[in-house]
Every structure is written in C-alpha cells, then in structure tokens.
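Subject: Structure handover

Hello,

Here is the structure for you to look over. My notes follow below it.

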Amino acid sequence: MGFLAPIFLAGLLAVGLPLWLHRFARDTRTKQPFASLMLLEQSQIQQSREHTLKYWLLLALRLLLILLIVLAFAQPVLPWRTPPLEAQDRRLHVIVMDTSLSMQQGDHWQKAVEKAQALISAMKPADQGLLVSADSRVRVVAGPVNGSDTSELRSALASLKPTFARLDYGMLMTSAPSWLGNDRLKTELHVVTDLQRSATPLQFADLEPPAGVKLILEDVGPAPTTNQYVKSLGPSEKDANVFEVRVAGTPPTGAPRTAVLSIDGKEKGRKPLTPLQGVVAVNAPDMQPDPNAGSAAGVATAVPAGSDATRARSAGATGEPCASEAGPAGSARSGDAGGRGTARSSGSPGSSASCEPDVPATSAAPAAEPISTALFADLSLGAGAHRATVTLEPADALPQDDQFYSVIEHREPRALIIGANASGDDVSYFAAAVGALTNPRLAVERTGSDAISQRALADYSALVVSDVGVLSGASVTSIQHYLEGGGTVLMTLGPRAARLEKIPLSGHVRAGRNLKSQGGGWTGRVASVEQSHPALRDAQGWRSVRFFRYVAVEPQADDAALIRFEDGGPLLIERRVGSGRLLVLTSPLDREWNDLAIHPLFVRFIGEAARYLTSAAAAPNALVGSILPLGVNASDGAQVFDPRGRRATPLGATSEKPRILADQIGFYEVRGGGRSDWVAVNADPRESELSRLSVDSVSQWTGMQKDAAPAGAAPEIAVADASSGAKPALKSIWPWLLLIAVTLAFIEPLVANSYLYVRRGVTS
Amino acid sequence: MSDAAARLLTPEVLAGLANLELVARTAVEGFLVGLHRSPHFGFSQEFAEFRAYNEGDDPRFVDWNVFARTDRTYIRRYEGETNTRLMLLLDASASMGFQSGNISKLQYGKYLAAALAYLASKQHDPVGLIVFDETIRHYRPASGRSGSLQGVLHALDTATPGQKTDLEGCFRKFREHLSRRGLVAVISDLYCDPLAMSKAVAPLAYTGHDMVFFQVLDPSELEPKYRDSVVFEDMESGQTMEVSPEYLDGAYRKKMEDHLAGVRRAAAGVGADLVLARTDEPLDSALRRYLMFRGRH
C-alpha cells in the first residue's frame, strides 16, 4: 500500500488527544458520597472489567475515527488486480478498421465493413469486443462491450468512414499496448486492412504485436494494378514561368489522362499527361536516402528569374516520411520538387542517421517509377498568393488522390541584411553575396540595426544579421517574434556579441575560452563540415579559410554544429527557434577575424544558405495528419478555417499560436496579423501506392507471433504470463475510508453519550 | 389520619418550614388530630377502671353513683400521672448528612427529635438533648420548665453533620449525664456493630432507662438503585470503594437486612425498642411508635 499524500500521516499524532482525554477522564471520575461503607464490599474486579470494556470501546472508536480521517487525507492506494477470469475461453476481439486513404479505393471499405460485421457476429456472448479506427491516429471508437450486446459496436462501425490520412502499421503495433491496456482477456487483434505495402514501417521489428495478442490480418481483397496520383506542382526546371505537373504511378489502360489546372477556383487549362522516362523514384517502404532531394526541393521551391519571378510553395516540404525524430534540418526532408514527400532528403546530420532506413524483408529494390508530366505556361498570375488545384481526369481506382493542392506565391522573395551600419562593409558583403543569387533571385534590402522596428519582417523570406550584438532589445524581440513565427535568420557573432554573456536570438552562452587567441596570432582552420546539409553541399574550400578569432559558444542539446574548428569549437550552428530556423556563424565578416570574404567560397556559402533558408521559410503546406504550418502571421490570435470553411480554431484560443492537425485535403485559410494566408494540405502520397504486401511479408509479420508467446505455448499461457507480469493497477481507497469515518462520526456521540450517562450513575 | 394531615406531615412539607418549632407543632398537632379518630389507640390521664370492691379497699374510691343505681359497690381507679424524663440523643455524625432526596437523615432526625420534644413538652415531661458524633457536642439536661422546649429546639436547629460516629464511646459518657432514670430516645443511623452497641447500651438499660432507638435511614441506603458500578466515598472516613450494581442489588441488601435484624436483636436484648424511620416516610409512624412505647411505660 502506498500513499499519494503521505505528509498527512503526520496527523496520526492527533491520536494522543483521545488518549489523554480518556486518561484524564479515568483519573477524575466522580465519586458518590455514601453514609457508610460498613456494609459494602469491594467489587472492583468485576466492576472495573465492565467499566474498562466500555471505556476502551469508546477510546478505540475515537482512535479509529482519527486514524481513518488521517488515512483518507493521505490517500492510500492499493494494488488492484482484476478478478480471475471466470471462463478460460473468454476473449477480447479487437477489430481495427484501417481508415486510411487507400481504403477508399473500389469496394475495399464496403468489404472491410462486411468483414467487421462478420467478426462481431462471430463473437460469443461471453466475449468482449473493441472497435478501433486506425489512420494517422488510432482511436478506440467503441467498447469494450460484451458479445451479448453488440449494438454499440455495430452502430460505431456504421459511423466510421475512411479518411485522407495515412496508416503506418508500425505505429499501430507499437501503440497497441497503450490502447489495449494491461488487464484484458485473451486478445485477438483483427486488423481489417488492404495490406498496403507502403504502410509498413522502416523497421520491420516495429510490426511485432504486443505480447499475448494474437494478430489476425483481415484482407479486404486485391488492389488494382494501376493508380496515378499527382506528385507535385511547381515551376519547371527548364523554365520557371512554366508550371509542371508531375504525376506518378502506373497509368490506367485506355485513353490518356488529362491534368486540369485551376487557379483560385478558375480553370486555367487542360493538358494531357506526357510520359517521362528515366525518373527514379522509390516507394515508401523501400525508401532510400536521396542526396539530391534537398537540391530538388531548393530548385522547385524557388522560382528563378526576373522581376515577376514566381515561387511555388509546394506541399511536401513538411512531409515526414521518416518515422523517427530528426535533427534541426530533418524537417527539410523533401520529396520531389515541390511534391508530396515521398522521398527523404539526406538532410541534416541529425536526420541522416535517424532516417537511415532499415530495409525490411518486404522491401524491394528501387525501381523506375513512371512519371508523367503536364506543362502549363502563360498563366499570367497576378501578385500575391494563389491557390492552385490540379485534377486528373478521368478518375482512376483511387480518385481521392487525383487532386493536388498547392499555394503559389507570385511575388519576389526578399532578404533583409541587418548590420550596425546599413552601409558597412559586412552588410555590403552580405548584400553582394545574396544579390548574386540567381536561383532563387532575392531582392536585397539593407538596414541599420536601429530601423528594424519600422519594417514588417514578415514580408522577408530571410534575414541576415551581421554581428547580432548590435541589435537593441526591441530589435531582438521583433526578430525573435519573426523567428518563432516561422522566419529564418542567418546571423554572425562579432565583436559586439563577444562582449555579451548570452547571445541574443540563439540564447547561447558564451564559453569560457571566449575569443580564441585575441591578438595572439592564432590561426584556426575548419576541421569538419557537414556536407550533407543543404546549405553546405558545395563546401569545398572551407579548409583554406583562415580564422583568427571567433566567439566560442557551447552548442545546446538541440543544436546541430554544421562546421567545427580543429579545436572542436563550432563555426556554424543551426537551431530551431519556434517554427523558424536560425543559422549562427560564430565569426563575422571582418578581415580582422577571418579571410572568409575574400574566398570564392563565401558567395557560394551565402547563396546556399540563403536558398536553404528561403526554402525552409516557404513551407506553408502540409500533409494530412500533420500539424499545419501556420506561418509568421499566425503568431497572434490567428484564426484557421478548414477547406470546408469551418473554423478549425476554438473561438477562445486567441492568445497563443494555434496547433491545428490537418485532417482534410484542400486549402486551410489562416487569418491573422492583418492578412490572410493559405496552407495547402494534400494526402500522403504513400497512400497512393496501392501495391500490397507480399505473401512472404504477411507470413513473416504473422509469424512474429511466436515472439509474443513461448514456442508451443497456447495463447492462454501468453495471456497468463502477460497478466502475471503486468503491474497491478493502483486503486485509491480514500473515499471508502472517508465513508467509514463519517459513519463512525455518527456512532461516536451515541457511544459517548451512553458512556457518560452511565457515569452519572443514579437512574430512575 | 386524613390524607390532608398526612400530606402536612411528609418530610418534604416539613422541610419547607423554616422554624423548627413550627415543624414540631405542625407534625404533632396533625398527628394528634389523626389520633382522635383512631379506634385502636387511646391515651388519657383520667382513664379509670372499675372493679368490684374487695375487702381492704379504700372506701373512698367506691363509686357511689354506681352503687346508687345498681346497689353494687365498685371501685373506680384512676391512672396515676407520672412524669417521664425524655432524653433525646441525636447522632450528628457525618453519615447522618447523607441524603438522596430532598432531606438528609440528620434533618429528618432533627424533625423527629423536635416533634418528640414538643409532644413530651405538651405532656409536661422534662426534655433533654444530647447531640453527639464521636464525642458529645452538645448537652442539655432534661428540664420541664417552660422555655426548656425552646432551648432544645434551638440546640437541634444548630446541629450540623460532624465527624465520625463513636456510639459505644458516647454511650459510656451518657451514663455520666443520665443519672435519673427516664426515657432515652436515640436517633441515629446505627452504623455500628450490633453486639458492640448492645454492650454499650446495656448499662443504661440496666440502670432503669427505657430506651427506644430511631434508626434513620435513607431509601437509597435500604434499596440502592444504580445501573452501573459506582465509586462510593465514605462520608465519615473518606475512603472510596467501587461497587458493582450486582452487589448493591444482591449482597448489599442482604447484608443490610442482616444488619437491621442484628440491631433489632441487640435492642431487644437490652429491652429497648427499635423504630426504623425512612426519610421518605412521614413522621407519624415514628411518633406513633413513641406513644405506644410511652403508653407502656
């Protein structure tokens, strides 16, 4: 037995009060005067026994009352085990309905419902049933209910519908212990699904069902051999003014399909799909690191060119095909250019390790995926953001993935260079390097640190701060707000920052060995460069740069040190601040600190960093099941409306940035900061991969059942082991103690009154 | 005795009278009124008996009126008037202060003594008083003078519960004060050894004293009623004793009956009479016993 509030046990000292009172009462018993004791005899033994009995009864009652009250306040908990099963053959039938997007194909959902109904009908009256829906979330819809009354299960089943979200079998299996619970009957887990191969996790071991649970896969039938889906919408690599629709999957036989492009709800054109050969894509379960993914994302999300250059912010930049957590740059995993994230970027160093796929037994070698394209030119888009919708006609086996949504921003991205002096050398260096970029072309503006508050930082795709120590407190607050809202900043640490104990914006604490060898003739070299990072892909030449001084800071736990000196100190650090991204260069563009500015590397690095940051900023699109990237303007009291025009944010939730889980495809509208933005949400393209698990994979999966129970052991044994090994639940008993205490509180006066009445002695 | 008179004589009613003389008069007058109607008891100083004249009788006592009517000679004899000295011995020990109702044993004893004194005074008998506990606290010799009654009543009025009782010792001392024979009325709860009491009283009885004992007891002493055990404190010695109700209901009552019987035997052994007076009963029964006793002597 344990106590939730053991401090109240100190109240047990109160038992001394009745003890003292009773002792006192015994010593002060009233005596009856009597004329003479001559005829009386001492009958103390008999009398005392009777008297003491009543005395101790009252005392014990009072002590028990105090004890119960104290224990009730201390909230004791007892280990609670469910009573043993009455019948050994009782079972818990857990019916997991795959409600992912792929279940909308053909009559799969109808078959799934029929199978579930058959399972419910087959339940014995003593059995229990549990209905669970599984897509990107696993929800217990109904139950557990007894098999004698399955109406709740049937009504809940009738209310289920497939969604646009993706199901990951690994997530389903690993989360099963939490929603199955520990105290349960022998469990049969019926997964009614289409056995989609792309739903398998990166690690096949994640498919292992919980111990003691018998896994039964209920196949809803064969998948169609053909299915096409829109993979991406973005500017063509050849001509940024031409928009390219990329369609993946196997085309159906018959007439070629047509891509219909609509802008802001108006049809802009129809183009037949043209097969494109030689594009290599990978399927979800067989995903391989694609070192070019980041580059592709950069090319796709930045529209080069002239004054009316167009930039497409495509869905997929926030796609999270990797199940595990990634480093700061891990979220830069991008699919194909502007597409739904089906491939992963090798990304940041943090993500490269965690996202390395363990090729499951079911995986197949990368195969050439047929890609069809359709090009749309001369769209004549006006300034601002536009909602682009691509629809494939005619519909195929899974028409829900024939539509693709994207937000196209037709305006020139701008970068703001901030320095102590708008005309200073460092600001000029940065402005020249950023201005030299052609893809994307960024309009560069320069400003002094004292004029930041007069600018709307949300209009800039990226900020470059030269020596963050020059910023005032108000400027730091503004940029911090910009960062947390999803902005991107590249900043350097210079002489002014070196005088600060805590670095603004990044929050780094200056290390003790600060300012390496000031004026001591020290020359440092770069020792390691994380070349897999998108900003450092063209990293040749870093070792030739000489550094004379830098501001030594200690990277924090969630930082990624992209470049390090020979002494281990970081030169370039990336960290996430809110929804934004921050690159910290610990040495400024100053000839007294380094000679970076005179190396050709400088322009390339600044260009890649700016491209990386602007691409990171342009990520307003999401997949179903992910958190909506609401952007910079959503920081203060933003209101979000779903594609059907209904408010997605609670009316009261205006003080903090809302976190909206996208569960529909289409355009979410974000109203905040005096403007209205759009976020495109598409279905996970892996749901469009309708290929099924091989028979071997299914047998391997179901064969993992052996790991759950000892060889040759019946499932009953497994259940018994699981129940005996499980920790019993703790049950709080304080309400019962309080109830007993209240009862004793009513009894105590009666007993005490009787006792005192007797002590008064004379009756009649 | 009428009901109204009985009500007037109840101890509770008498306790409401402040003056002890008034108490005595009320009790005695009410009692005498009741006697007037009683066919069984009679008392007269002029009571006569007639018997046939025998040779040798004084012819003065021949009732000639009867002889004239019947021609027979009868002798009319008159009851001779004798003065009896009444000595009241009131026990004023601490135990006499016990009370379970509205009146204590001592107070009841005082009423009784006052009534006896008043009654004796009306008969012109000398009345004396000794108040004692373990010693003689007050002594007033018997006197038939007018005003003697007031002195006795005053002495009774001032009597309060004292210390322990030493009945034997006190009776030894009484012999010094009771030189002339007379009637001795002892008012006490008689918590003493009957044999010892008998030995102490015997010299008095042998010297010609007629003795009557009024044993005054509280009802709770005779019939104690307790639901639970109780701690009793002796009013004289201060000792305490826990007594169970079972004992009080059984053994105690038996012992009390034995004690009363022993005291009664002891009194009878010395030719004395014993009257048990309960403090919840009127005084008339005690007075009646006294008059019966007085009539015999």
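Start with Leu195(A). Leu195(A) counts as buried, because 25 C-beta neighbours lie inside 10 Å and the threshold for burial is 20 or more. Bear in mind throughout that this is a predicted model. Leu195(A) sits in the loop of chain A that links strand E7 (186–193) to strand E8 (213–219). Its backbone deserves a look: phi of Leu195(A) is near 55°, a positive value in a residue other than glycine. Most residues other than glycine have a negative phi.

Asp467(A) gives a second case. Its phi is positive, about 60°, and Asp467(A) is not a glycine. You will find Asp467(A) in the chain A loop between strand E24 (462–465) and helix H9 (473–484). Buried or exposed? Asp467(A) is buried, since 25 other C-beta atoms lie within 10 Å.

One peptide bond also needs your eye. Most peptide bonds are trans. The bond from Glu393(A) to Pro394(A) is cis, and its omega is near -10°. Pro394(A) belongs to the loop between strand E20 (384–393) and strand E21 (403–410) of chain A.

Now the sheet that involves both chains. It is an open sheet of three strands, in the order E2(A)-E8(B)-E9(B), and the pairing is mixed. Which strands form the edges? They are strand E2 (32–34) of chain A and strand E9 (240–243) of chain B, each of which pairs on one side only. From one strand to the next, the twist averages 40°. E2(A) and strand E8 (residues 230–234) of chain B run parallel and are joined by three bridges. To find the pairing on screen, go to Gln32(A): its bridge partner in E8(B) is Phe232(B).

Next, chain B overall. Its secondary structure comes to eleven helices and ten strands. Of its 297 residues, 41% count as buried. Take the contacts in chain B between residues at least 6 apart in sequence: 75% of them join residues at least 24 apart.

Two helix pairs in chain B are worth a closer look. Both involve H8(B).

The first pair is helix H7 (residues 167–177) with helix H8 (residues 194–206), both of chain B. Their axes come within 9 Å and cross at roughly 5°. An angle under 35 degrees counts as roughly parallel, so H7(B) is roughly parallel to H8(B). H7(B) brings Leu167(B), Glu168(B), Phe171(B), Arg172(B), Phe174(B) and Arg175(B) to the contact. H8(B) brings Ala196(B), Met197(B), Ala200(B), Val201(B), Pro203(B) and Leu204(B). The residues of this contact of H7(B) with H8(B) divide into nine nonpolar, no polar and three charged.

The second pair is H8(B) with helix H10 (residues 245–269) of chain B. Here the axes come within 9 Å and cross at roughly 20°. H8(B) and H10(B) are therefore also roughly parallel to each other. The crossing of H8(B) past H10(B) is right-handed. From H8(B), the contact uses Pro194(B), Leu195(B), Met197(B) and Ser198(B). From H10(B), it uses Gly262(B), Val263(B), Arg265(B), Ala266(B) and Gly269(B). The residues of the contact of H8(B) with H10(B) divide into five nonpolar, three polar and one charged. Met197(B) appears in the contact with H7(B) and again in the contact with H10(B).

Best regards

Key. Residues are numbered from 1 along each chain as its sequence is written. Chains are lettered from A and ligands numbered from 1 in the order in which they are written. This is a predicted model: local features need pLDDT of at least 70, side-chain atom pairs count only at pLDDT 80 or more; totals for chains, interfaces and linings use all residues. Helices (H or I, at least four residues) and strands (E, at least two) are DSSP runs, numbered from the N terminus. A residue is buried if 20 or more other C-beta atoms lie within 10 Å of its own, exposed if 12 or fewer, and partly exposed in between; C-beta atoms are placed from the backbone. Two residues are in contact if their C-beta atoms, placed from the backbone, lie within 7 Å. Two strands pair if DSSP finds at least two bridges between them. Axes are lines fitted to C-alpha atoms, for helices over the stretch in contact, and angles run from 0 to 180 degrees between N-to-C directions. Angles under 35 degrees count as roughly parallel, over 145 as roughly antiparallel, 65 to 115 as roughly perpendicular and the rest as oblique. Ala, Val, Leu, Ile, Met, Phe, Trp, Tyr, Cys and Pro count as nonpolar, Asp, Glu, Lys and Arg as charged, and the others, Gly among them, as polar. A crossing is left-handed if the near helix is turned anticlockwise from the far one by less than a right angle, and right-handed if clockwise.
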